[in-house]
Amino acid sequence: MLADRATAAVFCSYLTKMRPYAEAARASRLGLVIGKPTQKYQLPALPLRQSREIDGSGRTSVHLASWMCQTGWVASKKSKGQNMSQRSYDRAQHTRRQLIRRFGATAGVFVAAPLLFREAIAQVAFTDDPFQLGVASGEAAGNGFVIWTRLAPKPFDIGFGLPGQPIEVEWEVASDEGFRTIVRADKAIANPMMAHSVHVEVEGLSPSRPYWYRFRAGGAQSPAGRAKTTPLAGAPTPRAKFAVVGCQHYESGLYTAYRHVAAAEPDFVFCYGDYIYENGGTPASATTPPALANRRHLPGEIFSVDDYRRRYSQYKSDPDLKAAHAAAAWYPVWDDHETDNNWASEWDEKGTPPELFRSRKQAAFQAYYEHMPLRRSSLPNGASLQLYRRAPIGDLIDLNLLDTRQYRSNQPCNDQSAGCTDLDSAPHFLGDAQEAWLKQGLSASRARWNVLAQQVVMMDLDRDAGEGYRANVDSWAGYRTPRGRVLQHIADARIPNVVVLTGDEHVNYAGEVHLDSRKPGSNPVAVEFTSTSISSGGDGQDLSPNDQAVMGANASLKFVNRQRGFMLCNVTKDRWETSVHVLDKVSEPDGKISTRATLSVTSGSNRVTIG
Ligand SMILES: [Fe+2]
């Protein structure tokens, strides 16, 4: 906070001077022209940049800050017992609490801004490329999207090759690939507290069209990325095309599939999670394919925020992954491995006391936010991060992006699927708030297709090819009570055309979702497509010896394949088509891609057809 009244006075007078810039920003479609910081106080453009990100105009926080100056709050922070009466101090504190209550994180962001008044923006000139981790976009909406980058000239060094100071990053968005027509441009601050990542929420764009974006910092320019805005919610939308990706264990295989995701030019990408894996490295051995010999994790499992940052650095250095990010806006959600294998709410797989596991979650969540093109609404708050959200794609699709990790009850049977019959006792999978939000959203939806874009398989598959029944207790099948509540709601409210998109198992599955697959009703409640992994599990094979038997035991399961790749969904009003793209190898460069199957659903049927 401001250390003394003199500094506060400068802040307030600076604010007054900057008001015209805020007015200009509102008037200008090209965004804010920022005044140079004064030498004496290093007053950067941050307050106004923050202002613009708060409400897109600058008005709220300029007014807010003016009020703070007028009420004496800014000047009062260090004044208790010195320059103010106790009553004035209490009043100022009350005002501050009111502000924070009223504006929530927004007020927090702004209130934190004066910290940087004391800290110079680093003047940097890079010798190594600071954009080695690429660029990304995400959270596409009808009027814009998030653009992301992270400065890291030395992605694996302590400090990542950067000073522990904020760095100014210019960004621009163009309506053409050649950047001849710039439609938005501004500056953002890459803060060391956020691993020098930048998340800009670009607004004011037109719906249903591509844009191109890039960044500049310290004399370096990033590669360009492409992102498409969505159709406006409810707008007539004849078709959409998107990819489903995830599970990209770095040691297990090359990311060749991502090259083909980029080439497909999808409208957007849904990532179901396992973007990184947390385990320590396995040294290359005589049996390691040469192409994977240098593709090893650092030794030891990761726990600290810098560990996680370095792991993201490693994954994001991959050129094919960078190409997929640069090609389309992503909607990412996490699964378990972004934090810890099979974690559930407060519990990890090792039985660590929750109060200790919380510190690991906090580190993992912060690094996740830093490396994903998420909105400010997903900024982590300690060991908590708001990840579930909804993305409408015109009147065609409502994409319900779910978080099945953060609020679930612990797995039954101590997460041991074999022999587990305690499948009804776990009360929560989405948690009360998310479950209510999902049901309400499904009931209110007018979209043709309602998608549950999430992590783990919802079909209650029998994994035992023999007489018995074995559930995967880490999936929805281990949580029959909350699963039943969600599916019963879909059935009772007659929610049409529910499509569940899933990852986790490193297998391509397609099938039909019943309330209880052991007693299937006449009509399935939904269909499910489980997309295979990008690399996890290695080369794979079409089918394992057990698969035919498992399919025999599960009438609702229509398709299985165990190779690496991704799914591409082509959606129209009448038909949902999922093509299954697989690679012959991920252990060698340039694996051959092919379309293993095309699976389709006719609107209103809840049945999967293989064609
Ligand atoms: Fe995985």
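## A guided tour, starting at strand S16

Begin by selecting strand S17 (residues 526-530) together with S16: the two run antiparallel and are joined by five bridges. The model you are looking at is predicted. To find one rung of this pairing, pick Glu512, which stands opposite Val527 in S17.

Now keep S16 selected (residues 508-513) and show what surrounds it. Six of its six residues are buried, so S16 is largely enclosed by the rest of the structure. Which other strand pairs with S16? Select S19 (residues 557-572), which is antiparallel to S16 and linked to it by four bridges. A good place to zoom in is Tyr509, whose bridge partner in S19 is Val560.

Next, zoom out to the whole chain. You should be able to trace 13 helices and 22 strands. Of the 611 residues, 49% are buried. Looking at contacts with a separation of 6 or more, 70% are between residues 24 or more positions apart.

From here, move to helix H9 by selecting residues 319-327. Which residues of this helix are buried? They are Leu321, Lys322, Ala324, His325, Ala326 and Ala327. To see what they pack against, add the helices H7 (256-263) and H8 (305-316), then the strands S1 (135-141), S8 (225-228), S10 (268-271) and S11 (329-332).

Keep H8 on screen and add helix H10, residues 354-371. Two packed helices are described by the angle between their axes and the distance between the axes. For H8 and H10, the angle is about 35 degrees and the axes are 8 Å apart. Their crossing is right-handed. Show side chains for Val305, Tyr308, Arg309, Tyr312 and Lys316 on the H8 side; they meet Ala363, Ala364, Gln366, Ala367, Glu370 and His371 of H10. Coloured by class, this contact shows six nonpolar, two polar and three charged residues.

For the last stop, select helix H11 (residues 432-444) and helix H12 (residues 480-492). At what angle do their axes cross? The crossing is at roughly 15 degrees, and the axes come within 10 Å. That angle is why H11 counts as roughly parallel to H12. H11 passes H12 in a right-handed crossing. On H11, highlight Glu435, Leu438, Lys439 and Leu442; on H12, highlight Pro482, Arg485, Val486, His489 and Ile490, and you have the residues that make the contact. By class, they are five nonpolar, one polar and three charged.

Conventions
Residues numbered from 1 in each chain as written. Predicted model: local features only at pLDDT ≥ 70, side-chain atom pairs only at ≥ 80, totals over all residues. Buried ≥ 20, exposed ≤ 12 C-beta atoms within 10 Å, placed from the backbone. Contact = placed C-beta atoms within 7 Å. Axes fitted to C-alpha atoms, helices over the stretch in contact; angles between N-to-C directions. Parallel < 35°, antiparallel > 145°, perpendicular 65-115°, else oblique. Left-handed = near helix turned anticlockwise from the far one by under 90°. Nonpolar A, V, L, I, M, F, W, Y, C, P; charged D, E, K, R; others polar. Pairing = 2+ DSSP bridges.
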